[in-house]
Amino acid sequence: MARGEAWDAVMRKMQRIRSRWPGDVLIKKESYFALKDGGEDVGYISLKAGTKLHLIEIKPEHAIVVVADAICPVPVENTDLVDRLGGISGILALPDDPPPAEAASPAHG
């Protein structure tokens, strides 16, 4: 998927529609993930297209997923996330989630 203004708008919009995020995403093409031990890279793991990963968060540049009990970034375009949320036009048409409710202020009296 080509990057550009529409892609940037989709990435910003996904931050505002968290309630619609799926619990899992599928890898669309082979992807490599660093294996770490105490913050140090100790190797890499390759995952094939079709591998299901648990989605933790969507950042402006990538999705955060769980790979082999580690939390890892993956480019959103390497997943089925945009397709599952209705494509670029579908995502942009979705209403934003309401803002989180503020904690009730204790009554003074």
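In which helix is Lys13 found? Lys13 belongs to helix H1, and the legends below, all for a predicted model, return to this residue in the third view.

**View 1. Overall arrangement of the predicted model.** The protein holds three helices and six strands. Along the sequence these elements follow the pattern α-β-β-β-β-β-β-α-α. Of the 109 residues in the protein, 30% are buried. Among contacts with a separation of 6 or more, 59% are between residues 24 or more positions apart. The exposed surface is about 7,000 Å², and carbon and sulfur atoms supply 54% of it.

**View 2. Helix H1 and its buried residues.** Helix H1 covers residues 5-15. Its buried residues are Trp7, Ala9, Val10, Met11, Lys13 and Met14. They pack against E4, H2 and helix H3, the last spanning residues 87-93. Val10, placed in helix H1, counts as buried because its relative accessibility is 0%. Leaving out residues up to four places away in sequence, Val10 touches Val82, Ile88, Ile91 and Leu92. The C-alpha atoms of Val10 and Gly87 lie 9.0 Å apart, although 77 residues separate the two in sequence.

**View 3. Lys13 and the backbone of Leu94.** Is Lys13 buried or exposed? Lys13 has a relative accessible area of 7%, so this lysine is buried, the cut-off being under 20%. Its side chain reaches the backbone oxygen of Leu94 at 2.5 Å. Beyond its neighbours within four places in sequence, Lys13 is in contact with Ile91, Leu92, Leu94, Pro95 and Asp96.

**View 4. The four-stranded sheet.** An open sheet is formed by four strands in the order E1-E4-E5-E6, with antiparallel pairing. Strand E1 (24-26) and strand E6 (70-74) are the edge strands, each pairing on one side only. From one strand to the next, the twist averages 45 degrees. E1 pairs with strand E4 (residues 52-58) over three bridges, in the antiparallel sense. Within this pairing, Leu26 has Lys52 of E4 as its bridge partner.

**View 5. The hairpin of E4 and E5, with Ile58.** E4 and E5 run antiparallel and are joined by four bridges. The two strands form a hairpin with four residues between them. Ile58, which lies in strand E4, stands opposite Ala63 in E5. Why does Ile58 count as buried? The relative accessible area of Ile58 is 0%, and therefore this residue is buried. Apart from residues up to four places away in sequence, Ile58 touches Met11, Met14, Gln15, Trp21, Ala63 and Leu81. Ile58 and Arg12 are 46 residues apart in sequence, and their C-alpha atoms are 9.6 Å apart in space.

**View 6. The hairpin of E5 and E6.** How many bridges pair E5 with E6? Five bridges pair these strands, in the antiparallel sense. Val65 has Cys72 of E6 opposite it. Two residues lie between the strands of this hairpin, and Ala68 takes a positive phi near 50 degrees. E5 is mostly covered, with four of its five residues buried.

**View 7. The largest nonpolar core and Phe33.** The largest nonpolar core has 24 residues. Which of them touch the most other members? They are Met14, Phe33, Leu53, Leu55, Val65, Val76 and Leu81. Two or more residues each come from helix H1, E4, strand E5 (63-67), E6 and helix H2 (81-84). H1 gives the most, with four residues. In soluble globular proteins, nonpolar side chains tend to be buried together. Phe33 touches Ile27, Gly43, Tyr44, Ile45, Leu47, Leu53, Val65, Val67, Cys72, Pro73 and Val74, again not counting residues up to four places away in sequence. One of these contacts, Val65, is the residue opposite Cys72 in the view of E5 and E6, and Cys72 is also touched by Phe33.

Terms used:
Residues numbered from 1 in each chain as written. Predicted model: local features only at pLDDT ≥ 70, side-chain atom pairs only at ≥ 80, totals over all residues. Heavy atoms only, no water. Pairing = 2+ DSSP bridges. Axes fitted to C-alpha atoms, helices over the stretch in contact; angles between N-to-C directions. Core = buried A, V, L, I, M, F, W, Y, C linked by side-chain atoms within 4.5 Å. Buried < 20%, exposed > 50% of the residue type's maximum accessible area, 1.4 Å probe, protein only. Contact = heavy atoms within 4.5 Å. Areas by Shrake-Rupley, 256 points an atom, 1.4 Å probe, with all protein chains shown as cover. Polar contact = N/O pair within 3.5 Å; in protein donor to acceptor, adjacent residues only side chain to side chain.
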